Amino acid sequence: VWEVIAELVTTVTCPAPANPFAIDRGAVAESEGLMDSLLLSSGLCAFLRELHLDSTAYSNLVEDDLLHLIQVHAYHLSALAASPQMRTALMNEVAPRRSTSCFSRTSDTGGGSPTTPHVQRLNS
């Protein structure tokens, strides 16, 4: 499959590129929105990783772009993790789980699984 795509790119591009799978780093940097940037970088990373692992003629040519995209993705991921929206979402998700347990024992005699009569599910 990669050879067909490479042939199509080199056929329609003038002059023919040495690496038909080269990434336009400027276009990746200009993507709007944090989520769009994350989706773009992760999708391109996955694509270039597969191409790199397939040991085609272009495997070594995509390595620099792959490493660059991994760095870009890590940067955007850390920006998302530090964003106020993510912090609020995580606090809303984690806080209720810290305060209650899913199960509470109604008796100290045996049991321990939700299917035994010694455990009662909390309604929260």
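## A tour from S59 to the α3/α4 pair

Start by selecting S59: apart from its neighbours within four places in sequence, S59 is in contact with L51, H52 and D54. Keep in mind as you go that this is a predicted model.

Stay on S59 for a moment and show the ribbon. S59 sits in the loop between α3 and α4. Buried or exposed? With a relative accessibility of 5%, S59 counts as buried, because the cut-off for that label is under 20%.

Next, display the side chain of S59 together with the backbone of L51. The side chain of S59 reaches the backbone oxygen of L51 at 3.3 Å. Then add R49 and draw a C-alpha distance: S59 and R49 lie 10 residues apart along the chain, and their C-alpha atoms are separated by 8.9 Å.

Now zoom out to the two helices that this loop joins up with in your view. Select residues 34-53 for α3 and residues 63-82 for α4; the two pack at an angle of about 150°, with 9 Å between their axes. That angle makes α3 roughly antiparallel to α4, and their crossing is left-handed.

To see who meets whom, colour the two sides separately:

- On α3, pick residues including L34, L38, S41, C45, L48 and H52.
- On α4, pick their counterparts in the contact, among them L66, L69, I70, H73, H76 and L80.

Finally, recolour by residue class. The residues of the contact between α3 and α4 divide into 13 nonpolar, six polar and three charged. H52 is a good place to end the tour: H52 belongs to the α3 side of this contact and is also in contact with S59.

Methods: Residues are numbered from 1 along each chain as its sequence is written. This is a predicted model: local features need pLDDT of at least 70, side-chain atom pairs count only at pLDDT 80 or more; totals for chains, interfaces and linings use all residues. Side-chain values use heavy atoms; hydrogens and water are left out. Axes are lines fitted to C-alpha atoms, for helices over the stretch in contact, and angles run from 0 to 180 degrees between N-to-C directions. Helices (H or I, at least four residues) and strands (E, at least two) are DSSP runs, numbered from the N terminus. Angles under 35 degrees count as roughly parallel, over 145 as roughly antiparallel, 65 to 115 as roughly perpendicular and the rest as oblique. A crossing is left-handed if the near helix is turned anticlockwise from the far one by less than a right angle, and right-handed if clockwise. Contact means heavy atoms within 4.5 Å. Ala, Val, Leu, Ile, Met, Phe, Trp, Tyr, Cys and Pro count as nonpolar, Asp, Glu, Lys and Arg as charged, and the others, Gly among them, as polar. Buried means under 20% relative accessible area, exposed over 50%, partly exposed in between (1.4 Å probe, protein chains only). A polar contact is a pair of N or O atoms within 3.5 Å; within protein, one must be able to donate a hydrogen and the other to accept it, and residues adjacent in sequence count only if both atoms are side-chain atoms.
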